[in-house]
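This report describes one protein chain, beginning with its cysteines and then turning to aromatic rings, charges, helix packing and overall dimensions.

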Amino acid sequence: TTAVASAAPELLEWAPLVGVVLGITLPETDQTRSLAPEFRRARAHAAVQTLLERLLHGASAVLVEDAHWLDEASGALLAGVAASAPAQGWAMLVTRRPADSANLAPEHGTVLTLGPLAPEDLQHLTATALGELPGHVRTQLVERSGGNPLFLLELLTAARRGTDAESLPDTLEALVAARIDALQPGERSLVRHAAVFGHRFTTAQLATLTGAAEESVVHDLARLDAVVVAEQGGYRFVHALVRDAAYAALPYRQRRVLHRQAGELIERQGRADLVEWADLLSLHFEQARDHQKTWHYAGIAAARARVQWAPADACTLYRRALSAARALGISDAELASTYEELGDCAELAGRYVEAADAYREARARVRKDPARAAELCRKEGWVRERSGRYSAALRWYRRGANALGDRDDGSLVRTQLVLAEGAARLRQGRYRQAVPLLRAAVQGAQLHEDEATLAHAYYLLDWAYTDLGSDEALHYRELSLPIYRRLGNLAREGVVVSNLGIDAYFEGRWAEAVELYEQGRVASNRAGDVVQAATAANNIGEVYSDQGRLDAAEAMFRDALATWQRAPFPVGIWLATSNLGRAAARDGRFAEAADLFAKAREGFGVIGADGYVVETQSREVELHVLAGRSAAAEERATETHERVRRIGGLGHLSVMLLRLRGYAAAQRGDRSLADQLLHEALAAADGSGQLYERALTLEALGRILDGADAEAHRSAAAALFQRLDVVRTPQFPLPARDGGIEL
């Protein structure tokens, strides 16, 4: 606490989360108590990231060795730090075994695969390690090692002990096993017993397992410095290969006996509170083939892993429990619950295929319970949505409704399935299809007096009607906020307040919009929902971009992008990418903008987010006009306008496209057509209350018209820009009256 207060005092309210990362239990604060459980891990990662930024001043090198030993929660934290390292000026070097998973490496990092050492380096190593050896022996050992320095050192050790080079094993594993076999019988047995505990162990544990006095164990271990080394709190094997070789030599029957004894020893030592040891106990009893205790402890350990934000570790433990359950005759109800919990953890870990498989196993055990089956279908749909497969998600939501049948037409589960389908349609940008579903969800939620579902439906309807340009949005706008505040749901409060900011943005109340976005960001951060907090930051960046504060806008977009990449959150990643493209285009960096737009459009297309694809295409039209490419702009605008018409809604894009087509016509010298298109855009902007588009269109008319009309349009545009606090507008080139270029 003292260290946090010194380096980053604003993190004191999150100190308990940093404590969990360090294995320290601290009293909860008001802020950590208000965190939604699903966001604790993300909030902890953000706190640790901030703390590291304060502790590492300037350019720094961060080394993480033997990363294959990290548990899932620590690996996820490291991956997050690695993702943001370049922006902080940190060079990260992570070493791990090549055969292990690569989820710890920075996404855009460089993988260095270590090959054999060069012969001259190996010769130098033989000359400096463990004294001199005859030249021909050194040459033999260098050739035998195959360039592996660890193998060479083991060969040197054996040779120094008098073993003939010709008789040495051909593999490192065999050489390590031979070293253990060469120990005295008592020493060999001691090492193999120690291997049952894993890489680390204590003398008290080993004494209990072997039945020897602890003083005798300490004395014997002191002679085994080539196999084990002392460290604070106990001993560890000098290398994982040594432990593995010792363990592999144990007969299977003896392993089972020793694992049972080790588990029972931990049970006795743990006494009242065995939760901390549950994962290790489940492993020992699994190896001992004690299915009942494996089921018991694996379930406890999985629940603990969930609390400690390690969903991938929880998945491993749930699978261990389910494997043991096959021999126990566990009821279908219990198995279904465990499979569902496995699915929930897999979804949190981003393992969507595994989650879907677990939900399928759960459904197979609840066939006689339509409500449970329907709820599991809803979860199967959600994991498809999480991976951007909206069409597949919609099929699962409908399948869930079918599972309920007509006899259960008014159930809350059906309401939640309808809400899920409406939300998926909304995220696809298919607003007209979403509205009737969301309205039906409101009726169902009111019938069941389910405030959480009702509030969710309200704010989704506000979103849908706002993007459709309908006054109906006013009816739903603030209905959800008091409900979420009454429920104490900070996560949802943050979302709703940010949505109110979106409404204020489109209505030209930009100062209020920024204030609401910031309130939403604060609420989301308090709830631990850093993804939603990044959404609020992105929205603030959009206001700055339209105001012409491009440096501030890009900073917000990059901050949001970094958070969404760590999450990962595909829709957000491509939204920030598109926004960065727009800022680059408005700043005159056309090639950079084109590349960013192409990436965003492709990303949105992969996840089926049609509305965002069209929005990005509209921004590409703006890019062409800014670059003076009027023909390309007209072609792209015509294609995009047709897609806007097919989707429905997206009124703000229709206005924007008309304005850009007007500029493109003016760039080609057709000021009559430009006048017509811009007046159409002005009428559309007036009809939808879009002040910013109205101001940009008035500015365009002021540039292409002559006389008093032009002056009146310029004056009206200036007044609106002042109201919106716009300091710079996009610079569209137009041909001057004398044939030059007017900038």
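Cysteine 315 is buried, its relative accessible area being 0%. The model under discussion is predicted. Cysteine 377 is likewise buried, at a relative accessible area of 3%. Across the whole structure, the search returns 0 disulfides. For cysteine 315, the nearest cysteine sulfur belongs to cysteine 345 and lies 5.3 Å away. A disulfide requires the two sulfur atoms to be within 2.5 Å, and therefore a separation beyond that cut-off does not qualify.

**Aromatic rings**

The same kind of search, applied to rings, finds 10 aromatic pairs in the whole structure. One of them joins tryptophan 510 and tyrosine 692, whose ring centres are 5.1 Å apart; the planes meet at 55°, so this pair is classed as tilted. The two partners come from distant parts of the chain, 182 residues apart: tryptophan 510 belongs to helix H28 (residues 510-527) and tyrosine 692 to helix H37 (residues 691-704). Both tryptophan 510 and tyrosine 692 are buried.

A further pair is formed by phenylalanine 604 and tyrosine 612, with ring centres 5.0 Å apart and planes at 20°, so it counts as stacked. Its members differ in burial class: phenylalanine 604 is buried, with a relative accessible area of 1%, whereas tyrosine 612 is partly exposed, with a relative accessible area of 24%. The two pairs are set out below.

| Ring pair | Distance between centres | Angle between planes | Class |
|---|---|---|---|
| Tryptophan 510 and tyrosine 692 | 5.1 Å | 55° | tilted |
| Phenylalanine 604 and tyrosine 612 | 5.0 Å | 20° | stacked |

Elsewhere, ring pairs connect Phe201, Tyr235 and Phe237 into a cluster.

**Charges and aromatic faces**

Arginine side chains also lie over rings. Arginine 43 is placed over the face of tryptophan 14, at a distance of 4.9 Å from the ring centre. In the case of tyrosine 247, the charged end of arginine 243 sits over the ring, 4.5 Å from its centre.

A charged residue in another setting is aspartate 344, which forms part of helix H18 (residues 332-348). Is aspartate 344 buried or exposed? With a relative accessible area of 17%, aspartate 344 is buried, because the class covers values under 20%. When neighbours within four places in sequence are left aside, the contacts of aspartate 344 are Arg306, Tyr359 and Lys379.

**Packing of helices H8 and H9**

Helix H8 (residues 149-160) and helix H9 (residues 172-181) have axes that come within 10 Å of each other and cross at roughly 35°. This crossing of H8 and H9 is left-handed. On the H8 side, the contact is made by Leu150, Phe151, Glu154, Leu155 and Ala158; on the H9 side, by Leu172, Leu175 and Arg179.

**The chain as a whole**

The chain contains 38 helices and 7 strands. Its C-alpha trace spans about 105 × 70 × 45 Å along the principal axes. Of its 743 residues, 50% count as buried. How many of the contacts between residues at least 6 apart in sequence join residues at least 24 apart? The share is 59%. The pair of tryptophan 510 and tyrosine 692 provides an instance of linkage between distant parts of the chain.

How values were computed:
Residues are numbered from 1 along each chain as its sequence is written. This is a predicted model: local features need pLDDT of at least 70, side-chain atom pairs count only at pLDDT 80 or more; totals for chains, interfaces and linings use all residues. Side-chain values use heavy atoms; hydrogens and water are left out. Buried means under 20% relative accessible area, exposed over 50%, partly exposed in between (1.4 Å probe, protein chains only). Rings of Phe, Tyr and Trp (its six-membered ring) pair if their centres lie within 6.5 Å; planes under 30 degrees apart count as stacked, over 60 as edge-to-face and the rest as tilted. Helices (H or I, at least four residues) and strands (E, at least two) are DSSP runs, numbered from the N terminus. A charge sits over a ring if NZ of Lys or CZ of Arg is within 6 Å of the ring centre and within 35 degrees of the ring normal. Axes are lines fitted to C-alpha atoms, for helices over the stretch in contact, and angles run from 0 to 180 degrees between N-to-C directions. A crossing is left-handed if the near helix is turned anticlockwise from the far one by less than a right angle, and right-handed if clockwise. Contact means heavy atoms within 4.5 Å.
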